[in-house]
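Colleague: Could you take me through this model before I set anything up? Please start with what the terms mean.

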Amino acid sequence: MRQGSPRFDDATSLRTNFPELMHRWEVANVRYLATVPLVAAGVTVGLLTMVWHEDLELSENQRAMLVSLASYSTQALQRALLLAERTTAARTLQQSMLTTDLPQRGGLELVARYVAAHAGDQVGGDWYDGILLPDGTTLLVIGDVSGHDVTAAAEMGQLRIALRALAVDRDDPPAQLLDRLESVVDNLRGKAILASCLVARVEQTPPARAAGVRTLRWANAGHPPPILVAADGAARVLDAEPDLLLGVGSARRSDHVVEVPAGSTLLLYTDGLVERRDDDLDSGIERLRARASVLAGPDLGAGLESLIADAGGAGSDDVALLAVRFHAQD
């Protein structure tokens, strides 16, 4: 490491030059040792060491081959280190754009989880959001930009910011909000961005408040459907027909409405939680619905973690989840 040059030592050389390691040479039966430095940009970053248990002497060609092998190993190590740095930067970028301080107003309890994909530098455009609008209404968002790289994460950030700005600028229902978002998608990066997105508003009229019922109004741009879990654990998929993905076209979008009794829990999620290569998406959603009764428990965060564990964590895709508990109101 200090000299930055190869060493080729037979048994006699090892025992003469490194007598303090004599015991190790004997126990490991080392008869020949080749040690070649891994040098990157003039800096020794590691060693490639090969051990033989028989006496030999490497030829000049064999030594040259080991030096070449060390060079290739250094290149592989450099690529791995660069990949780790790029992945860390991308993860930091993505995490910085996820909402950590979710609004907790009007008897609503919002809890979210995000799990990164297992595969290398797989960074996705998954995001969740909870926005407290100027009139006190809570807006819920879950979305997924197509792609698994830093570009997808950056595009996700642009979409998230644009949606937030549009939401607080005008009191639109979810379908109109997505229509307005569609109109700016093409201009975000000078090219089309393909993304799924579900936007929902929690609404309540005075008579509904007296009855302890809230209304969920949502629009779905090609995203997996939400799941509503009753207080007794019975779960159903709110499987209204989804509209086109963002970035596909400017087709008019539709609102859907459902009444939500106190004690219910709404689950929004990205497809990484339900999508499997060996099965179709509908089956994955049904499996999730069957397990969603865990969200009726008192600890909403523990329920989300149980769903993630049941699904095997994140596979080749990131996973974002947003759960909303509709507590009884005073």
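Modeller: A residue counts as buried when its relative accessible area is under 20%. The model is a predicted one. Of the 330 residues of the protein chain, 46% fall in the buried class.

Colleague: And how many helices and strands does the protein chain have?

Modeller: There are eight helices and 13 strands in the protein chain. The radius of gyration is 28 Å, well over the 20 Å from the globule rule for 330 residues, so the chain is more spread out than a compact globule.

Colleague: What box do the C-alpha atoms fill?

Modeller: Along the principal axes, the C-alpha atoms fill a box of roughly 95 × 45 × 35 Å. As for contacts between residues at least 6 apart in sequence, 67% join residues at least 24 apart.

Colleague: Switching to the surface: what area does the protein chain expose, and how many charged side chains are there?

Modeller: The protein chain exposes about 16100 Å², with carbon and sulfur atoms supplying 53% of that area. It has 30 positive and 44 negative side chains, and the centres of these two sets lie 3 Å apart.

Colleague: How many aromatic pairs are there?

Modeller: The count comes to one aromatic pair. The ring centres of Y32 and W52 are 5.6 Å apart and the planes stand at 75 degrees, so the pair is edge-to-face. Y32 lies in strand β2 (residues 32-40) and W52 in strand β3 (residues 43-52), so the pair ties together parts that are 20 residues apart in sequence.

Colleague: Are those two buried or exposed?

Modeller: Y32 counts as buried, at 0% relative accessibility. W52 also counts as buried, at 19% relative accessibility, because the cut-off is under 20%.

Methods:
Residues numbered from 1 in each chain as written. Predicted model: local features only at pLDDT ≥ 70, side-chain atom pairs only at ≥ 80, totals over all residues. Heavy atoms only, no water. Helix = DSSP H or I, 4+ residues; strand = E, 2+ residues; numbered from the N terminus. Rg over C-alpha atoms; globule rule 2.2 N^0.38 Å. Buried < 20%, exposed > 50% of the residue type's maximum accessible area, 1.4 Å probe, protein only. Contact = heavy atoms within 4.5 Å. Areas by Shrake-Rupley, 256 points an atom, 1.4 Å probe, with all protein chains shown as cover. Lys, Arg positive; Asp, Glu negative; His and termini not counted. Charge placed at Lys NZ, Arg CZ, Asp CG, Glu CD. Phe/Tyr/Trp six-rings, centres within 6.5 Å; stacked < 30°, edge-to-face > 60°.
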